[in-house]
Amino acid sequence: MKVIAVIGSGTMGNGIAQVAAQAGWSVALCDANPEALQKALGTIKKSLERLAEKGKLAEAPPTIWDRIRTTAAIETAVGNADLVVEAVPESIDLKRRIFEAIDGAAPAHAVLASNTSSLSIASIAEAVSRRDRVVGMHFFNPVPVMALLEVVRAKETSEETVAFAVATGLAMGKEPIVVRDMPGFATSRLGVLLGLEAMRMLEQGVANASDIDKAMTLGYRHPMGPLQLTDLVGLDVRLAIAEHLHRELASEAFRPPEILRRMVAEGKLGKKSGRGFYTWEGDKAS
Ligand code: 3HC
């Protein structure tokens, strides 16, 4: 059985752990916060049961979740890993520190991937000695449902590493695309822009949040409007990405709108905090 270590057990980390376990990998899910790990296991169980009810799993949920063990120590998590996927908050310093720790403890053959949605893979890779084995593996929320895997190739990433990331994505039931290591890659650069513009339209009173979202769901067949999607992703996550892209692409289109800064300061982070552009109860927004 191949071994994957997932560092960070938040929304993305627990989703990645789940799809890896579904694909038959032995999973070490690592988080310094024991409560976050417990919450992650609960989320994974609920999601697996939901998929099982719809007949979408090849195995019984307990068989799948039994492949997942948890630990607070990075060294323990990555000690026998073939692949490490980092899914911690979008801070370059934090990611570099974590990659340095992973590099010191993971087997020499292990591929080190980041789930970053916009930060430079090359700059994260500066923290490690095996730069040819560092790659972006960007998943989408909700990970068990979303089909895309964005594989990000940095300057020093080897062909073998890109091929491994693509093959792993396929084995996890995802459709991989391979993109260059440019700020925001292909997905965040386009997706965040739409969300920021929707916020500016809300500030300008073009329409209320629900009608701005309907414009895109009913008029353009998006599965979810840009404001509801911002709630799903997390306003704090979107703010961090917008600040980074504003700086790196030197484009005013990415300047974070005032409403986004204010809502994050007020703790209105979207679905995970129960309040964002909508009020959330479980999966339901009103
Ligand atoms: N686990 C298991 N199954 C789930 C699930 C989960 N966490 N969430 C949803 N599902 C299943 C449902 O059971 C349902 O299954 P069915 O089709 O067999 O009945 C199906 O997914 C659809 O769910 P719902 O009926 O509850 O609701 P919707 O039809 O509205 O779909 C959605 C929900 C899949 C979230 C859809 O609204 C959607 O695709 N939204 C856009 C999501 C998106 O754009 N994500 C990308 C965000 S950007 C990102 O992640 C990048 C990061 O770096 C920030």
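In this predicted model, a backbone N or O atom of N141 lies 2.8 Å from a nitrogen atom of the ligand. Side chains approach the ligand as well: a polar side-chain atom of S47 is found 2.7 Å from a nitrogen atom of the ligand, while a polar side-chain atom of K56 is placed 2.7 Å from one of the ligand's oxygen atoms. Considered alone, the ligand would expose 1,000 Å², and the protein buries 67% of that area.

It helps to look next at the whole set of residues around the ligand. There are 16 residues in this shell, and the ones that come nearest are S47, K54, K56, H138 and N141. Sorted by the character of their side chains, the shell residues comprise nine nonpolar, four polar and three charged. If you trace them back to the elements of the fold, helix α2, which spans residues 34-53, and helix α10, which spans residues 226-233, each give two or more residues to the shell, and the largest share, three residues, comes from α2.

From the ligand we can turn to the interior of the protein. In soluble globular proteins, nonpolar side chains tend to be buried together. The largest nonpolar core in this model is made of 34 residues, and those with the most contacts inside it are I4, V27, L29, L83, M137 and F139. Helix α1, covering residues 11-22, gives the most to this core, namely six residues. To see what such packing looks like around a single residue, follow V27: when residues up to four places away in sequence are left out, V27 touches I4, V6, A17, A20, A21, R67, I68 and R69. There is also a second core, separate from the one just described, which has 28 residues and includes V88, F99, A110 and A125.

A last stop is H244, which sits in helix α11, the helix of residues 235-249. Is H244 buried or exposed? Its relative accessibility is 9%, and because buried means under 20%, H244 counts as buried. The side chain of H244 reaches the backbone oxygen of S118 at a distance of 3.3 Å. Setting aside neighbours within four places in sequence, the contacts of H244 are with S118, L119 and S120, so that S118 appears both in this list of contacts and as the residue whose backbone oxygen the side chain of H244 reaches.

Conventions
Residues are numbered from 1 along each chain as its sequence is written. This is a predicted model: local features need pLDDT of at least 70, side-chain atom pairs count only at pLDDT 80 or more; totals for chains, interfaces and linings use all residues. Side-chain values use heavy atoms; hydrogens and water are left out. A residue is near a molecule or strand if one of its heavy atoms lies within 4 Å of it. A polar contact is a pair of N or O atoms within 3.5 Å; within protein, one must be able to donate a hydrogen and the other to accept it, and residues adjacent in sequence count only if both atoms are side-chain atoms. Accessible areas come from the Shrake-Rupley method with a 1.4 Å probe; for residues, only the protein chains shown count as cover. Helices (H or I, at least four residues) and strands (E, at least two) are DSSP runs, numbered from the N terminus. Ala, Val, Leu, Ile, Met, Phe, Trp, Tyr, Cys and Pro count as nonpolar, Asp, Glu, Lys and Arg as charged, and the others, Gly among them, as polar. A nonpolar core is a set of buried Ala, Val, Leu, Ile, Met, Phe, Trp, Tyr and Cys residues joined through side-chain atoms within 4.5 Å. Buried means under 20% relative accessible area, exposed over 50%, partly exposed in between (1.4 Å probe, protein chains only). Contact means heavy atoms within 4.5 Å.
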